[in-house]
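Me: I have a model open and want to go through its side-chain pairs, one strand and a few loops. Shall we take it step by step?

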Amino acid sequence: MTIRTAVRDQTGSARPTSVVKLVLVDDHAILRQGLRSVLEREPDLEVVGEASSMQEALAVVGDVAPDVVLMDLKLSAASDYEGLALCAQLSAADGTMGLLVLTTFLDEQLVVRAIHAGARGYVVKDVDTTELVRAIRAVSRGESAFDSRSASAVIRSLNGQTTPRDGLTERELEVLQLLAKGLSNAKIGERLFISATTVKFHVSNIMRKLDVGRRAEAVYEAGKLGLI
């Protein structure tokens with residue numbers, strides 16, 4: 001952390017003397033800008049770098065040596081899990097750096113894989129600002145940080161309590177219901193207000209979790225399991 005001389009704001013309150021240096025890694029510039037705007041309202045947080053890809057992230061982190069790297073898992077259209085590889089490389093290079101995953105996808109296996117790759121925390125993008133800031137501060141102190149849903153996923157995995165329904169996220173169950181109605185990825189996206197690419201990602205996860213290779217097989221297997 002960067003140490004600063006204590007100062008007082010207009011109310012006379014003392015501001016923090018240490019600042020957590022952050023690097024934001026996400027392939028969407030508008031999201032990075034939004035995060036920077038929100039996080040830098042906190043007197044003890046400072047965004048010192050941004051990156052949109054794995055290679056950019058490695059270069060930026062090497063230059064600025066942040067306390068915490070806040071990263072998405074999906075950093076390009078070519079791979080859904082490039083962030084896991086980035087996480088592993090950063091962890092191997094500097095085990096003291098705080099790695100916090102901030103992603104759209106809540107997948108039990110992804111949460112566990114992120115932890116194995118060196119992440120100290122995992123939160124989903126619809127988390128409120130207060131919880132995100134709390135997670136960043138915890139990770140900067142070397143602690144673990146998970147939102148309630150990610151924490152539940154970890155606990156289920158550790159306890160070996162995963163069932164087909166537990167393994168599917170709420171969004172995946174919604175996609176599965178629409179798959180059963182024969183809707184295309186584009187139509188499912190319109191219904192759920194998400195992109196066709198995101199639908200494709202969910203369908204891929206559904207088929208992997210149900211251990212099938214086709215959409216029709218996923219619907220058939222889901223019917224047998226009582227998921228639809």
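**Charged pairs, a strand and two turns of phi**

Reply: R32, R36, E40 and E50 are linked in a network of salt bridges. Bear in mind that this is a predicted model.

Me: How many salt bridges does a search of the whole structure find?

Reply: Side chains of opposite charge can pair when their charged atoms come close. The cut-off here is a side-chain nitrogen of Lys or Arg within 4 Å of a carboxyl oxygen of Asp or Glu. Searched as a whole, the structure has salt bridges numbering eleven.

Me: How many residues apart in sequence are the parts that R137 and E42 tie together?

Reply: R137 and E42 form a salt bridge, with the closest N and O atoms 2.9 Å apart. R137 lies in helix α5, residues 129–140, while E42 sits in the loop between α1 (29–39) and β3 (45–51), so the parts tied together are separated in sequence by 95 residues.

Me: Is E42 buried or partly exposed?

Reply: Buried means under 20% relative accessible area, and exposed means over 50%. E42 has a relative accessible area of 23%, so the class is partly exposed.

Me: Which residue forms a salt bridge with D44?

Reply: The closest N and O atoms of this pair are 2.8 Å apart. D44 is in the loop between α1 and β3, and the partner is in helix α5, 93 residues apart. D44 is buried, because the relative accessible area is 12%. The partner, partly exposed at 26%, is R137.

Me: Which residue meets E172 in a salt bridge?

Reply: E172 is found in helix α8. The N to O distance in the salt bridge is 2.7 Å. The partner lies in helix α10, so the pair ties together parts that are 37 residues apart in sequence. That partner is K209.

Me: Is E172 buried or exposed?

Reply: Contacts of E172 beyond four places in sequence are D107, G167, H202, N205, I206 and K209. The side chains of E172 and K209 also share a polar contact of 2.7 Å. The relative accessible area of E172 is 1%, so E172 is buried.

Me: And what is the relative accessible area of K209?

Reply: Across the salt bridge from E172, K209 is partly exposed. The band for that class lies between 20% and 50%. For K209 the relative accessible area is 22%.

Me: Which residue does UniProt list for "modified residue: 4-aspartylphosphate"?

Reply: The listing comes from an unreviewed UniProt entry. The residue's place is in the loop between β4 and α3 (82–93). Its relative accessible area is 5%, so the residue is buried. UniProt lists D72.

Me: Which residues does D72 touch, leaving out those up to four places away in sequence?

Reply: D72 is buried, at 5% relative accessible area. Contact means heavy atoms within 4.5 Å. By that cut-off, the residues touched are V25, D26, D27, G83, L102, T103, T104 and K125.

Me: Which residue is the bridge partner of L24 in β4?

Reply: Strand β2, residues 18–25, runs parallel to β4, and four bridges join them. Both faces of β4 are covered, with V68 and L70 buried on one side and V69 and M71 buried on the other. The partner of L24 is L70.

Me: Which residue in β5 is the bridge partner of V68?

Reply: β4 also pairs with strand β5, residues 98–103. The sense is parallel, over four bridges. In β5, V68 is partnered by G98.

Me: What value is phi of A65 near?

Reply: Most residues other than glycine have a negative phi. A65 lies in the loop between α2 (54–64) and β4 (68–71). A65 counts as partly exposed because its relative accessibility is 47%. Its phi is positive, near 50 degrees.

Me: What value is phi of D211 near?

Reply: D211 sits in the loop between α10 (196–210) and α11 (215–225). Relative accessibility is 70%, so D211 counts as exposed. Phi is again positive in a residue other than glycine, near 60 degrees.

Notes
Residues numbered from 1 in each chain as written. Predicted model: local features only at pLDDT ≥ 70, side-chain atom pairs only at ≥ 80, totals over all residues. Heavy atoms only, no water. Helix = DSSP H or I, 4+ residues; strand = E, 2+ residues; numbered from the N terminus. Buried < 20%, exposed > 50% of the residue type's maximum accessible area, 1.4 Å probe, protein only. UniProt positions renumbered as here; feature names shortened; annotations may be inferred. Pairing = 2+ DSSP bridges. Polar contact = N/O pair within 3.5 Å; in protein donor to acceptor, adjacent residues only side chain to side chain.
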